[in-house]
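Let's take a walk through this structure together, one piece at a time. Have the 3D view open and follow along.

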Amino acid sequence: MRILGIETSCDETAICLIEIAQNGTGFRILGNTVHSQIPEHAPYGGVFPMLAKREHEKNLPIVLERTLAEASAHGVTMKDVDLIAVTTGPGLEPALWVGIEFAQRLAKEHQKPLVPCNHMEGHVLTALIAKDAAAGDTSQAEAFRFVDAPTPALSLLISGGHTQILVIDRPGSYRIVGETKDDAIGECFDKVARTLGLAYPGGPKVSKLAAAARAEGVESPEPLPRPMISSKDLDFSFSGLKTAVLYLVQRLKERAPLSDLDIKGICRETEDAIVDVVVAKMRKAVERFAAQSIVVGGGVVANRRIREALQTLADDSSIPLLLPQFDHSTDNGLMIALAGYFNKEKALPPGDERLAAIKATGTLPLGPRA
Ligand code: KG4
Ligand code: ZN
């Protein structure tokens, strides 16, 4: 089975074509293109929805062409595709609509079934695959096998738009047990970065300066709060941390311009505050739900400090930690192709009336709030 996954929920225009192995134990990537709009959004200090929409419209045909050009090297063309998968939420609605309409047109033109997919499920699934070196594949296509997460699994999804803890009771069954009440983790990193004068997206820059501060023994001029760290629930709030940094920076600037040492120290303390809260909540959740594994997804997985802290938690609890490989942690088309595969029974065949009713849902939840 060959699945074409289309992703346009935020600022990446991405399409991936995968081929599921005959025995269903894995797949190979036949074509994969991710076009990031970061340079276009950087001047705005964040993703600007209407600009994202225009960029997706412009880039989708090019991204499809490039993906199919890669697939043609494996002898596969659009007519060999069995299923088209598209993100319908959560995300920026104007951006989602572009992907949906593109997928609807493509499905009609080539008479292929279409399956609506949840972006967050895609993030979960990128952690449930592993590179398959022993695939015996001579075609040079990247091969992966599916990995089972022992259940109940606890999933932590951390990106620029989301911060959620989910319980996966069995594959495909999700319950939201914790989420942010305001800013997402990546958003907090990015906003703190902005306050410190670092360019968008600042998350990786904060993390890099934090590492330098640790190596050099640089401390923050003042401690920062760990919001909601002691609350009994599994919810988060990061807007207070962002504001605390803003006030601290304002106070420091009254005395003198912000120094490089101040910036480094604040980056370190911000990262420590975020990691402390995430790990405290995850530790609580692992105990509460007797989790048998931890599954992490989303762009902030790129943060080394969070990964290391979660590995320690998993080791302490004697359960496995499943993470996506780096280039699969940020938004991509592969995650949607995988979501399409695991939801193939929900695909709408060509001509189905419900195809026209597929709609973008900015706040689409992956499961009920438990
Ligand atoms: O999943 P993603 O690509 O897009 C969304 O769906 O939001 O996540 C991007 C987010 C940005 O906020 C970015 O600053 C953050 O992930 N990020 C990081 C790191 N790398 C990316 N945050 C902290 N440390 C990093 N190393
Ligand atoms: Zn995402």
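Start with H123, which is buried, at just 1% relative accessibility. Keep in mind as you look that this is a predicted model. H119 is buried too, with a relative accessible area of 4%. Both values sit under the 20% cut-off that buried means here.

How far apart are H119 and H123 along helix α4? They are 4 residues apart in this helix, which covers residues 119–126, so about one helical turn separates them. An α-helix has 3.6 residues a turn, so residues three or four places apart point the same way.

Now look at what these histidines hold. The zinc ion (ligand 2) has H119 and H123 as protein donors, each through NE2, and D331 joins them through OD. These donors lie 2.1 to 2.2 Å from the zinc ion. Read along the sequence, the spacing of the donor residues is H-x3-H-x207-D. The arrangement around the zinc ion is irregular, because its 4 donor atoms subtend angles of 92 to 146 degrees. To count as tetrahedral, four donors would need all angles between 85 and 135 degrees. For comparison, the ideal angle for four tetrahedral donors is 109.5 degrees.

Next, the sheet. This one is open, with 5 strands in the order β10-β9-β8-β11-β12 and mixed pairing. At the edges you'll find β10 (173–179) and β12 (321–322), each of which pairs on one side only. Helix α4, the one carrying H119 and H123, packs on this sheet, where it touches β8, β9 (163–170), β10 and β11. Its direction makes about 115 degrees with that of β8.

Zoom in on β8 (residues 153–158) and β11 (residues 293–297): they pair in the parallel sense, over 5 bridges. Within that pairing, L156 stands opposite V296 in β11. Another helix, α8 (residues 260–289), also lies across β8, β9, β10 and β11, and it runs at about 155 degrees to β8.

Finally, find helix α5 (residues 185–195). Is this helix mostly covered or mostly uncovered? Mostly covered: 8 of its 11 residues are buried. Among them are I185, F189, V192 and A193, along with D190 and T195. The cover over these buried residues includes strands β8 and β9 from the sheet, plus α6 (203–216), α7 (239–255) and α8. Just after α5 comes G197, which takes a positive phi of about 85 degrees.

Notes: Residues are numbered from 1 along each chain as its sequence is written. Chains are lettered from A and ligands numbered from 1 in the order in which they are written. This is a predicted model: local features need pLDDT of at least 70, side-chain atom pairs count only at pLDDT 80 or more; totals for chains, interfaces and linings use all residues. Side-chain values use heavy atoms; hydrogens and water are left out. Donors are N, O and S atoms within 2.8 Å of the metal (3.2 Å for Na, K and Ca); water is not among the atoms, so sites may look incomplete. Four donors count as tetrahedral if all angles lie between 85 and 135 degrees; four count as square planar and six as octahedral if opposite donors are over 155 degrees apart and all others between 65 and 115; anything else is irregular. Helices (H or I, at least four residues) and strands (E, at least two) are DSSP runs, numbered from the N terminus. Buried means under 20% relative accessible area, exposed over 50%, partly exposed in between (1.4 Å probe, protein chains only). Two strands pair if DSSP finds at least two bridges between them. Contact means heavy atoms within 4.5 Å. Axes are lines fitted to C-alpha atoms, for helices over the stretch in contact, and angles run from 0 to 180 degrees between N-to-C directions.
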